[in-house]
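Colleague: I am new to this structure. Please take one part of it, look at it closely, and set it in its surroundings.

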Amino acid sequence: ILKEIPAPDGVMHYIILDPFDKKHMMESECYKNYHFKIGDIIQVRIDHINCKGQVFFEPKHPHFNENEIYDCKYLGQVMKKNKFNEEELYLKVEGPDGEPTLIQTISLHQEKKDFQKDTIRCKIKKISKGKLIMSQYLK
C-alpha cells in the first residue's frame, strides 16, 4: 500500500502497487477493520472487472477465508426484497465476525413463524468489500 487518497467523489482509496509496478486504486473504507498501514504488503485477488474495464480488488481477510464453516448464532427471521424486488424470508445469524448476516432459508420448516434454533451451520461463500457473504452448510 503506497498511500491513501480521496477520489474525486470523496471516497477514500488506497493506491496499491502490483508485482509489475503498476498502480491501482482500491476503496479503503470497507477495510478499516483490517488495520492496513501505508507500506503494508497485502495479498489481493481480482473480485470483478466492470464493463468499463475497471478492476476491483479484494484483499485477503486477516481472520477469515472463503469456504470455512462456522456455527452461527440464530437471531431470527427477516423479510427483505430479493434481487427481483419480491419480498422473501431470510434467516438472520451472527456471523463469525460478530456482524449480523442474512442467509436464505433452505426448507419450509425454516419458514414457519415458530422456527427456533440456537445455531445454524454456515459457510463463508465469498468475502466482498470486507463483508462475509454466508450460506447454510448442509453436511
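Modeller: The model is predicted. Before the part itself, some surroundings. Three strands make up an open sheet in the order E1-E2-E3, and their pairing is antiparallel. Strand E1 (3–6) and strand E3 (23–27) are its edges, as each pairs on one side only. From one strand to the next, the twist averages 35°. Strand E2, residues 12–17, is joined to E3 by five bridges, and these two strands run antiparallel. One residue pair can be picked out here: His13 has Glu27 in E3 as its bridge partner.

The part I take for the close look is strand E4, which covers residues 44–49, together with the salt bridges that start from it. There are six salt bridges in the structure. Arg45, Asp47, Glu66 and Lys126 are linked by such bridges into a network.

Take Arg45 to begin with. Its side chain meets that of Glu66 in a salt bridge, with 3.1 Å from N to O. Arg45 lies in strand E4, whereas Glu66 lies in the loop between strand E5 (55–59) and E6, so this pair ties together parts that are 21 residues apart in sequence. Arg45 has a relative accessible area of 29%, so it ranks as partly exposed, a class that lies between under 20% for buried and over 50% for exposed. Glu66, at 33%, is partly exposed too.

Asp47 also has its place in strand E4. In its salt bridge with Lys126, the closest N and O atoms are 3.5 Å apart. Lys126 lies in strand E9 and Asp47 in strand E4, so this pair ties together parts that are 79 residues apart in sequence. Is each end of this pair buried or partly exposed? Lys126 is partly exposed, with a relative accessible area of 33%. Asp47 counts as buried because its relative accessibility is 17% and the limit is under 20%.

The side chain of Asp47 has another partner, as a polar contact of 3.3 Å joins it to the side chain of Ser128. Leaving aside residues up to four places away in sequence, Asp47 touches Phe56, Phe57, Glu58, Lys126 and Ser128. Lys126 and Ser128 thus appear among its contacts as well as in the salt bridge and the polar contact.

His48 belongs to strand E4 as well. It is partly exposed, with a relative accessible area of 38%. With residues up to four places away in sequence again left out, His48 touches Gln54, Val55 and Phe56. Its C-alpha atom is separated by 9.0 Å from that of Glu58, 10 residues apart along the chain. Phe56 is therefore a contact of His48 and of Asp47.

One more salt bridge can be described for the stretch of chain before this strand. Asp40 forms it with Lys37, and the closest N and O atoms are 4.0 Å apart. Asp40 is partly exposed at a relative accessible area of 21%, whereas Lys37 is exposed at 54%.

Lys126 and Ser128 lead to strand E9 (119–128), and E9 leads to the nonpolar core. The largest such core has 22 residues, and Ile103, Ile120, Cys122 and Met134 have the most contacts inside it. At least two of its residues come from each of E2, strand E6 (69–81), strand E7 (87–94), strand E9 and strand E10 (131–136). E9 gives the largest share, four residues. In soluble globular proteins, nonpolar side chains tend to be buried together.

What does Ile120 touch, not counting residues up to four places away in sequence? The list is Tyr70, Asp71, Cys72, Tyr74, Leu91, Val93, Ile103, Phe115 and Gln136. Some of these residues return in the strand pairings. E6 and E7 pair antiparallel over eight bridges, with Tyr74 opposite Val93 in E7. These two strands form a hairpin that has five residues between them, and Asn85 in its turn has a positive phi of about 65°. E7 is also joined by five bridges to strand E8, residues 100–104, and the two run antiparallel. There, Leu91 stands opposite Ile103 in E8. E7 and E8 form a hairpin too, with five residues between them and Gly98 in the turn at a positive phi of about 85°.

Definitions and conventions. Residues numbered from 1 in each chain as written. Predicted model: local features only at pLDDT ≥ 70, side-chain atom pairs only at ≥ 80, totals over all residues. Heavy atoms only, no water. Pairing = 2+ DSSP bridges. Axes fitted to C-alpha atoms, helices over the stretch in contact; angles between N-to-C directions. Buried < 20%, exposed > 50% of the residue type's maximum accessible area, 1.4 Å probe, protein only. Contact = heavy atoms within 4.5 Å. Core = buried A, V, L, I, M, F, W, Y, C linked by side-chain atoms within 4.5 Å. Polar contact = N/O pair within 3.5 Å; in protein donor to acceptor, adjacent residues only side chain to side chain.
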